[in-house]
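Work through the exercises below with the structure in view. Each task is followed by a solution in steps.

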Amino acid sequence: MMSRGTVREALKALECEGKIYKIHGKGNFVEAERHSVDINDMQSFSAAEKREGNIPSSKVFFFQMMKAGEMVAEKLNISSEDKVYSLCRIRKINGKPVMIETAYLPAVIVPGLERYDFEEESLYHILERDYKIEIMNQELNIQLSRASDQEAARLEIEPGDLVYVEKATARTVDNRIVEYTKSIISSKRAKYRIRLSRREDILMLDELKLSILCNEEKIKRQEGYAVDSIEDMYWEHVDQALAQVKRNNSKICFYLADDVMELMMRYISNYADFLILNRMEREKAKMYVDQALERNVRVALIVEDDCITICSEEKKEQICIGTKVIDMEEFQKKFLFGVGREWEPIKCVRYALNHL
């Protein structure tokens with residue numbers, strides 16, 4: 001038989017782990033399973049939950065075209081007299097209601113939206129497939145509130161229970177607002193997960209930075225080494241330094257301009273995840289990209305005067321744009337903003353070009 005003290009300690013441990021919760025005067029209760037909502041994830045609700053192995057579903061309880069009104073108009077940056085679609089759904093995971101989601105979209109950019117069945121189809125998938133609207137970023141505002149009687153009934157919780165109120169505006173690659181959403185999310189069945197991607201997790205290197213990283217000047221000052229051996233020592237340090245960076249689980253983006261030694265490419269492509277070749281002779285750039293993709297490099301960008309070519313093992317895409325006036329340092333920062341969130345390469349480049 002266990003003592004009361006042992007039982008109390010066990011219950012306290014379970015409460016700390018979030019497995020149970022305590023109500024004063026009533027006792028201890030088993031905590032319901034809570035699903036994670038990833039703040040950094042811009043996938044559709046359905047796609048995100050399917051990826052987690054859950055079964056998502058939706059119930060539409062209101063869907064029609066209406067005047068925007070002052071509040072929605074301000075969020076969408078349109079006139080209050082402009083028409084919007086209002087789509088209200090109860091979103092469920094494994095059959096249990098998790099959130100009430102109300103989305104507003106300007107009718108002028110999504111004509112005929114009412115012909116779709118949003119209990120069966122994903123809004124974001126429809127936007128991208130049929131309207132060529134790609135959501136590039138979202139701005140979220142999250143607060144805690146209490147469920148109203150109507151919200152509680154729809155979420156199958158008690159009136160006054162804690163809920164998350166999430167308000168979000170979604171923008172396209174050209175920074176146009178295309179959606180405003182308000183979601184009421186049950187705190188009993190959902191929790192927020194935040195993945196912080198630090199910029200320093202992606203190490204941007206060019207030849208100068210690589211030289212500093214490997215202490216080239218220190219090597220050259222050492223006595224007892226023949227001049228011919230300095231280059232060998234330098235590349236040995238390159239190999240060791242980059243290997244250490246990879247052991248720290250950092251990604252490496254290497255930036256090369258103009259000409260480059262074949263020896264450097266041979267070393268860095270074993271470690272670099274991303275490669276940017278800026279205004280290099282075209283055939284030479286293509287040769288280096290082919291070599292890099294055969295090794296460790298996941299994505300390579302060839303920047304020319306009139307276009308940027310995005311190369312990966314799966315495909316090659318080209319964006320025609322004048323690049324002579326591009327601030328390469330800012331371009332890389334914006335490119336890596338997307339890389340850090342593991343966006344598709346073409347998405348990273350489009351974001352960078354539209355936010356310089």
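**Exercise 1.** Find which element supplies the largest share of the lining of the second largest cavity.

Solution. This is a predicted model.
- Step 1. List the lining: Ile310, Cys311, Ser312, Lys315, Glu317, Pro345 and Ile346.
- Step 2. Place these residues on the elements: β15 (307-312) and α12 (345-354) each supply at least two of the lining residues.
- Step 3. The largest share is three residues, and it comes from β15.
- Step 4. Sorted by class, the lining has four nonpolar residues, one polar and two charged.
- Step 5. The volume of this second largest cavity is about 50 Å³, and the structure holds two cavities of 30 Å³ or more.

**Exercise 2.** Decide whether α12 is largely enclosed or not, and name what its buried residues pack against.

Solution.
- Step 1. A residue is buried when its relative accessible area is under 20%.
- Step 2. In α12, the buried residues are Pro345, Ile346, Lys347, Cys348, Val349, Tyr351, Ala352 and Leu353.
- Step 3. Eight of the ten residues of α12 are buried, so the helix is largely enclosed by the rest of the structure.
- Step 4. The partners of these buried residues are the strands β7 (135-146), β14 (299-303), β15 and β16 (316-320), together with the helix α11 (328-340).
- Step 5. For the whole protein chain, 43% of the 356 residues count as buried.

**Exercise 3.** Describe the salt bridge between glutamate 304 and arginine 282, and where its two residues lie.

Solution.
- Step 1. The closest N and O atoms of glutamate 304 and arginine 282 are 2.5 Å apart.
- Step 2. Glutamate 304 is in the loop between β14 and β15, while arginine 282 is in helix α10 (residues 282-294). The two are 22 residues apart, and the pair links distant parts of the chain.
- Step 3. Glutamate 304 counts as buried, at 11% relative accessibility. Arginine 282 is partly exposed, with a relative accessible area of 40%.

**Exercise 4.** Describe the salt bridge of lysine 333 with glutamate 330 in the same way.

Solution.
- Step 1. For lysine 333 and glutamate 330, the closest N and O atoms are 3.5 Å apart.
- Step 2. Both residues lie in helix α11, three residues apart, about one turn of the helix.
- Step 3. An α-helix has 3.6 residues a turn, so residues three or four places apart point the same way.
- Step 4. Lysine 333 is partly exposed at 33% relative accessibility, and glutamate 330 is partly exposed at 30%.

Note on methods: Residues are numbered from 1 along each chain as its sequence is written. This is a predicted model: local features need pLDDT of at least 70, side-chain atom pairs count only at pLDDT 80 or more; totals for chains, interfaces and linings use all residues. Side-chain values use heavy atoms; hydrogens and water are left out. Buried means under 20% relative accessible area, exposed over 50%, partly exposed in between (1.4 Å probe, protein chains only). On a 1 Å grid over the protein atoms alone, a cavity is a set of points where a 1.4 Å probe fits but cannot get out, and a pocket is an open set with protein on both sides within 12 Å along at least five of seven lines; lining residues have an atom within 4 Å of a point. Grid points are joined across faces, edges and corners, and a volume is the space filled by probe spheres set on the points. Helices (H or I, at least four residues) and strands (E, at least two) are DSSP runs, numbered from the N terminus. Ala, Val, Leu, Ile, Met, Phe, Trp, Tyr, Cys and Pro count as nonpolar, Asp, Glu, Lys and Arg as charged, and the others, Gly among them, as polar. Contact means heavy atoms within 4.5 Å. A salt bridge is a side-chain nitrogen of Lys or Arg within 4 Å of a carboxyl oxygen of Asp or Glu.
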